[in-house]
Amino acid sequence: MDEVFGNIHSIETCGTVDGPGVRYVVFAQGCPLRCIYCHNPDTWALAGKNFFRMSVSELMSDIVKYKSYFKFSGGGVTLTGGEPLMQKKFGIALFRECKYEGLHTTLDTSGYADLGFATREMLDYTDLVLLDIKSINADTFRKVTGFTIDKTLEFAHFLCEKNIDTWVSFVLVPGLTDIEWEMHGLAAFLAKLDNVKRVRVLPFHQLGAYKWQDLGIDYPLKEARAPSLEETEIVRELFRGYGFDVK
């Protein structure tokens with residue numbers, strides 16, 4: 001069988017925020033969206049100077065070194081990005097090998113992908129999906145990403161149909177995504193999906209702003225503020241009101 005390579009932005013060997021337990025996190029290069037609060041705009045281009053190529057066998061030879069950490073913590077391997085569904089062949093090969101090794105697999109995605117054979121095959125090897133939903137409102141979604149919401153919602157429904165465990169991520173940006181009726185709308189939508197096990201409310205931050213400057217890209221949210229702890233907790237309570245485990 002021919003070796004499968006991926007375009008990799010970076011690797012974190014002992015991540016603790018990208019799924020359960022201690023995780024080996026692979027950041028894939030390439031993303032179709034242009035989110036105005038993205039803290040990794042250097043992952044947008046599928047090719048360029050900001051990535052390196054690595055084969056699945058090379059990755060697995062390193063990943064298996066951490067199996068004891070995964071076993072002890074309930075962790076595993078997370079493929080994130082960028083948007084990992086832009087490199088489906090690589091993702092399928094990586095997750096297939098992970099399952100052969102008995103490792104838990106997590107896909108961190110915007111869900112902005114066609115539900116063709118390759119996407120479905122990759123999900124066959126996926127234990128958990130971290131699904132980033134910017135807003136339930138189509139206008140806000142387009143303002144944040146530059147694209148329509150349809151594919152993400154279709155993806156969310158498909159995950160429910162296949163009963164794939166899902167944690168939904170929601171980035172709280174004051175003055176942009178904190179519209180109360182929109183947040184209630186998102187919570188109500190998610191409450192209809194039996195596979196959604198957790199909602200993660202992630203407060204906006206400015207930590208990636210320097211990358212936009214380094215890349216010569218105008219940063220639309222340079223004046224935006226981070227939500228306070230109190231504001232963030234209020235939103236978490238909103239989602240808890242719909243019965244969700246919220247972090």
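This is a short chat about the sheet, helix contacts and salt bridges of a predicted model.

Trainee: Let's start with the sheet. What is the strand order?

Mentor: The order is 3-1-2-4-5-6-7-8. It is an open sheet of eight strands, and the pairing is mixed.

Trainee: Which strands are at the edges?

Mentor: Strand 3 (52-55) and strand 8 (196-203). Each pairs on one side only.

Trainee: And what is the average twist from one strand to the next?

Mentor: It averages 30°.

Trainee: Zoom in for me. In what sense do strand 4 and strand 5 pair, parallel or antiparallel?

Mentor: Parallel, over four bridges. Strand 4 covers residues 76-80 and strand 5 covers residues 104-109. Look for glycine 76: histidine 104 in strand 5 stands opposite.

Trainee: Which strands does helix 1 touch?

Mentor: Helix 1 (residues 56-63) packs on the sheet and touches strand 1 (5-15), strand 2 (23-28), strand 3 and strand 4. Its direction makes about 75° with that of strand 3.

Trainee: What about helix 7? Where does that one lie?

Mentor: Helix 7 (residues 180-191) lies across strand 7 (165-172) and strand 8. It runs at about 180° to strand 7.

Trainee: Now helix on helix. At what angle do helix 1 and helix 3 pack?

Mentor: About 35°, with their axes 10 Å apart. Helix 1 passes helix 3 in a right-handed crossing.

Trainee: Which residues make that contact?

Mentor: From helix 1, Val56, Leu59, Met60 and Ile63. From helix 3, Phe90, Ala93, Leu94, Glu97 and Cys98. By class, that is eight nonpolar, no polar and one charged.

Trainee: And how do helix 3 and helix 4 cross?

Mentor: Their axes come within 9 Å and cross at roughly 20°. That makes helix 3 roughly parallel to helix 4. The crossing is left-handed.

Trainee: Which residues meet there?

Mentor: Lys88, Gly91, Ile92, Phe95 and Arg96 in helix 3 meet Ala118, Thr119, Glu121 and Met122 in helix 4. The classes here are four nonpolar, two polar and three charged residues.

Trainee: Switching topic. How many salt bridges does the structure hold?

Mentor: It holds 11. One to look up joins the side chains of lysine 67 and glutamate 101, at 3.1 Å from N to O.

Trainee: What does that pair tie together?

Mentor: Lysine 67 lies in helix 2 (residues 67-73), and glutamate 101 lies in the loop between helix 3 and strand 5. So the pair ties together parts that are 34 residues apart in sequence.

Key
Residues are numbered from 1 along each chain as its sequence is written. This is a predicted model: local features need pLDDT of at least 70, side-chain atom pairs count only at pLDDT 80 or more; totals for chains, interfaces and linings use all residues. Side-chain values use heavy atoms; hydrogens and water are left out. Axes are lines fitted to C-alpha atoms, for helices over the stretch in contact, and angles run from 0 to 180 degrees between N-to-C directions. Helices (H or I, at least four residues) and strands (E, at least two) are DSSP runs, numbered from the N terminus. Angles under 35 degrees count as roughly parallel, over 145 as roughly antiparallel, 65 to 115 as roughly perpendicular and the rest as oblique. A crossing is left-handed if the near helix is turned anticlockwise from the far one by less than a right angle, and right-handed if clockwise. Contact means heavy atoms within 4.5 Å. Ala, Val, Leu, Ile, Met, Phe, Trp, Tyr, Cys and Pro count as nonpolar, Asp, Glu, Lys and Arg as charged, and the others, Gly among them, as polar. Two strands pair if DSSP finds at least two bridges between them. A salt bridge is a side-chain nitrogen of Lys or Arg within 4 Å of a carboxyl oxygen of Asp or Glu.
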